[in-house]
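The following exercises ask you to read a structure step by step, with a worked solution after each task. Please have the sequence and the model open as you go.

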Amino acid sequence: MTWENPSATRRQQILRATRTVAVVGASPNPARASNFVATYLLASTDFDVYFVNPNASEILGRPVYKKLADLPVVPDLVDVFRRREDLQGVLDDVLALEGVRTLWLQFGLFDEDVARRAEAAGLEVVMDRCLKVEHARFHGGLHVAGFDTGVISARRRTS
């Protein structure tokens with residue numbers, strides 16, 4: 001049986017229950033997707049956001065931790081921006097912490113073995129989904145299909 005993401009309703013529930021997020025693979029480079037997502041999370045959510053990257057010391061004016069175990073808290077959700085071949089190691093780091101509830105893998109990251117292992121350990125798993133897009137979608141920033149509903153249009157309204 002093929003692994004499937006939680007339903008949209010369940011993803012919304014996960015985000016509503018989340019208070020702390022660790023972004024693993026966060027980048028100080030504003031051209032990187034992880035930096036764009038981090039900027040959104042800091043500006044548009046109530047999440048306490050922590051950055052993990054062994055090669056950076058500060059991102060968006062915030063301290064960066066070398067590894068998950070160095071965080072001052074155990075995050076509810078770990079959002080991963082790493083290569084697919086790194087996912088098993090990231091999961092090892094997540095499982096070494098007690099209290100993480102959700103492993104979230106960003107666009108392009110999908111690994112059924114990682115998902116099944118994480119779920120067997122009691123984690124919820126979301127793969128190949130953007131945390132920023134999903135949050136915006138559930139908080140009025142995007143239509144359920146993923147499109148911004150507040151865009152100005154040249155089309156005339158039909159009454």
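The model shown here is a predicted one.

**Exercise 1. The largest pocket**

Find how much space lies in the largest pocket, and which residues and helices contribute to its lining.

Solution. Begin with the volume: the largest pocket holds about 450 Å³ of space. Its lining is made up of 21 residues, of which V24, G25, A26, F81 and R82 are the closest to the centre. Next, turn to the helices, where α2 (33–44) and α3 (87–95) each supply at least two lining residues, and where α3 gives the most, with three residues. Finally, sort the lining by class, which yields eight nonpolar, six polar and seven charged residues.

**Exercise 2. Aromatic pairs**

Determine how many aromatic pairs there are, and classify each by its geometry.

Solution. The count comes to two aromatic pairs. For W3 and F110, the ring centres are 5.8 Å apart and the planes stand at 70 degrees; since edge-to-face requires an angle over 60, this pair is edge-to-face. W3 belongs to the segment before α1 (8–17), while F110 belongs to the loop between β6 (102–105) and α4 (112–120), so the pair ties together parts 107 residues apart in sequence. W3 counts as buried at 6% relative accessibility, whereas F110, at 31%, counts as partly exposed.

For Y50 and Y65, the ring centres lie 6.4 Å apart with the planes at 55 degrees, so this pair is tilted. Here Y50 in strand β2 (residues 48–52) is linked with Y65 in strand β4 (residues 62–65), 15 residues away along the chain. Y50 has a relative accessibility of 18% and counts as buried.

**Exercise 3. Salt bridges**

Work out which residues are linked with E134 in a network of salt bridges, and then examine how E124 is paired.

Solution. The structure holds 11 salt bridges. E134 meets R129 in one of them, at 3.6 Å from N to O, and E134 also forms a salt bridge with R137, where the closest N and O atoms are 3.3 Å apart. Both E134 and R137 lie in helix α5 (residues 131–138), three residues or about one turn apart. E134 is buried at 3% relative accessibility, R137 is likewise buried at 16%, and R129 is partly exposed at 26%. The network as a whole links R11, R129, E134 and R137.

As a last step, consider E124, which forms a salt bridge with R10 at 2.2 Å between the closest N and O atoms. This pair links strand β7 (residues 124–126) with helix α1, across 114 residues.

Technical notes:
Residues are numbered from 1 along each chain as its sequence is written. This is a predicted model: local features need pLDDT of at least 70, side-chain atom pairs count only at pLDDT 80 or more; totals for chains, interfaces and linings use all residues. Side-chain values use heavy atoms; hydrogens and water are left out. On a 1 Å grid over the protein atoms alone, a cavity is a set of points where a 1.4 Å probe fits but cannot get out, and a pocket is an open set with protein on both sides within 12 Å along at least five of seven lines; lining residues have an atom within 4 Å of a point. Grid points are joined across faces, edges and corners, and a volume is the space filled by probe spheres set on the points. Helices (H or I, at least four residues) and strands (E, at least two) are DSSP runs, numbered from the N terminus. Ala, Val, Leu, Ile, Met, Phe, Trp, Tyr, Cys and Pro count as nonpolar, Asp, Glu, Lys and Arg as charged, and the others, Gly among them, as polar. Rings of Phe, Tyr and Trp (its six-membered ring) pair if their centres lie within 6.5 Å; planes under 30 degrees apart count as stacked, over 60 as edge-to-face and the rest as tilted. Buried means under 20% relative accessible area, exposed over 50%, partly exposed in between (1.4 Å probe, protein chains only). A salt bridge is a side-chain nitrogen of Lys or Arg within 4 Å of a carboxyl oxygen of Asp or Glu.
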